[in-house]
Amino acid sequence: MPRLLVARSELLRTSPVSVEEEKRALEAVVVKESAMAGSGVFTHIVDENQVFKYYAEGEWKKSASGKTVSIVNPTTRKTQYNVQACTQEEVNKVMEAAKAAQRQWARTPLWKRAELLHKAAEILKENKDPIAECLVKEIAKPAKDAVTEIIYVGAVDFKVVRSGDLLSYTAEEGVRILGEGKLLLSDSFPGNERNKYCLSSKIPLGIVLAIPPFNYPVNLAVSKIGPALIAGNSLVLKPPTQGSVAALHMVHCFHLAGFPKGLISCITGKGSEIGDFMTMHPGVNCIRYCAAGHYSFTGGDTGIAISKKAGMIPLQMELGGKDACIVLEDADLDLVATNIVQGGYSYSGQRCTAVKVVLIMESVADEFVEKVNAKMAKLSVGTPEENCDITPVISESSANFIEGLVMDAKEKGATFCQEYKREGNLIWPLLLDHVRANMRIAWEEPFGPVLPVIRIRSVKEAIHHCNASNFGLQGSVFTKDINKAITIGDAIESGTIQINSAPARGPDHFPFQGLKDSGIGSQGIVNSINMMTKIKSLVINLPSPSYTMG
């Protein structure tokens, strides 16, 4: 117990304490230690060299390559964790095991699948602390996210709990959806007698490959795992490099729940070595991919490349957005400012549904900018451990990209409402006013705490700007006139339009989809379950027409 002895020594050195105070202090150390990544129930997922193992065939394994991939802490810019660099041969073995496990799993009763998902959900909630720790250290996600005036966006551990709730809801919804078939009678089509009965049902696709993004490596992984498993599929997870350790902890919760060996796998490694190999693997029957990052960095280009290589298998992709907020003259500007700051700067703008551009009527723009600036002044900037509102962006290359957009806007005459400031990966929140269409930031996704404001003179101008974008994930309209809101919402080419609220994904059972370069297919629990199944029909041919009566 060396850590306890050190803690006790330090406690006694600093000040005299009672026996009861000493006991409470040491209990706190035990609790803290038990919540650390790779400890407690998670001890088996890390090897003797503190390298996290990959998960295959129901076991935690070290790669035969002997190589590792380092995960850099965005705050310290130093290596925080190391994970296995798996080989293509190890991918092949995972696919073989997944295929065999899926065949048996498809025979497992729905109620049993649901029961195991509920169990995994509870284990996930019970072990939220070490997973939250990983999210803080791997992706600089604040331990809690608050944006101005104590507007609660959601703590990191709450997001883990949300993932557990998603699993439970998926289990219940899956039993309802998959437990129902459909009967068609032949005489419902012109020229036919009732001599054929068609029974259709949903059956699993096979092996689902899930590739979540760095910004939600647990929640967006669970949103794929749950529907895949309840539908009778096996699941191979390729987590993002930044976020791998959080994902491995999450997968261990499924392991502890008692899912069959080989049904769930988690492969870590370099995308350059196993990325294309996995997406083009003949054993994969479905790919669900989510991107995080600006278009030219990790978003749409990667997704488009995957879609071209995947072949004739179902794809569901969410590839980012340039989510626009249209603000009309009659909007409640206090409500708008609150939503813009919350929607634009929470998690340093590193969300696909973050506000990416504000299109505001010229007549109210000055008042709007003043209100937003006042709220931005209250944002704290620093480390995720300190629960700051603005924390470092994911990587130096991402910070460089954001800075390039800012400098381009500066050269072309944008108004800086705050001084541009950067230290390493940490970029202070910035509002850019008087942005024009010739600036890159008017069109490109910064994926950082920088928000452009474009002043408009008509609704038509706003709609034109939105629809000229190659993105179409979400948008929002702020107005007190519901008729205008509906008309504008119908005209914008985006998957979801929010009325009087910033863009957001969720609740998790809501449909979530993008148009144009923002994606293929639709998420949301029901849509995801349906997407991970195919229809199979059984036609009963009768020797003569049959009717219920007569």
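1. Which residue of β6 stands opposite Lys182? Ser200 is the residue across from Lys182. That makes a handy starting point for this model, which is a predicted one. The pair belongs to the contact between β5 and β6, two strands that run antiparallel and are joined by four bridges.

2. Now follow Ser200 to another strand. Its bridge partner in β24 is Ser537. Moving along β6, Tyr197 has Ile540 of β24 as its bridge partner. Between β6 and β24 there are nine bridges, and the pairing is again antiparallel.

3. With both contacts in view, the sheet is easy to trace. It is open and has three strands, in the order β5-β6-β24, paired antiparallel. At the edges lie β5, residues 182–185, and β24, residues 533–541, each of which pairs on one side only. On average, neighbouring strands of this sheet are turned by 25° against each other, with direction ignored. As background for a new reader, the strands of a sheet are held in pairs by backbone hydrogen bonds, in a parallel or an antiparallel way.

4. Please look next at the surface. Leu183, Leu199, Leu538 and Ile540 make a nonpolar patch there of about 340 Å². Ile540 is the residue already met as the bridge partner of Tyr197. Leu199 sits in strand β6, which spans residues 196–204. Is Leu199 buried, partly exposed or exposed? Leu199 counts as partly exposed because its relative accessible area is 36%, a value that lies between the 20% and 50% limits.

5. A last topic is the cysteines. How many disulfides does the model have? The count is zero. Cys352 is in no disulfide, and the nearest cysteine sulfur, from Cys290, lies 7.3 Å away. A pair would need its sulfur atoms within 2.5 Å, so a distance of 7.3 Å does not qualify. For readers who would like a reminder, a disulfide is a covalent bond that links the sulfur atoms of two cysteines.

6. Two of the cysteines can be set side by side for their accessibility. Cys352 is buried, because its relative accessibility is 7% and the limit for that class is under 20%. Cys417, with a relative accessible area of 23%, is partly exposed.

Terms used:
Residues numbered from 1 in each chain as written. Predicted model: local features only at pLDDT ≥ 70, side-chain atom pairs only at ≥ 80, totals over all residues. Heavy atoms only, no water. Patch = residues over 30% accessible without salt bridge, like charges linked within 9 Å, V, L, I, M, F, W, Y side chains within 5 Å. Areas by Shrake-Rupley, 256 points an atom, 1.4 Å probe, with all protein chains shown as cover. Salt bridge = Lys/Arg side-chain N within 4 Å of Asp/Glu carboxyl O. Buried < 20%, exposed > 50% of the residue type's maximum accessible area, 1.4 Å probe, protein only. Pairing = 2+ DSSP bridges. Axes fitted to C-alpha atoms, helices over the stretch in contact; angles between N-to-C directions.
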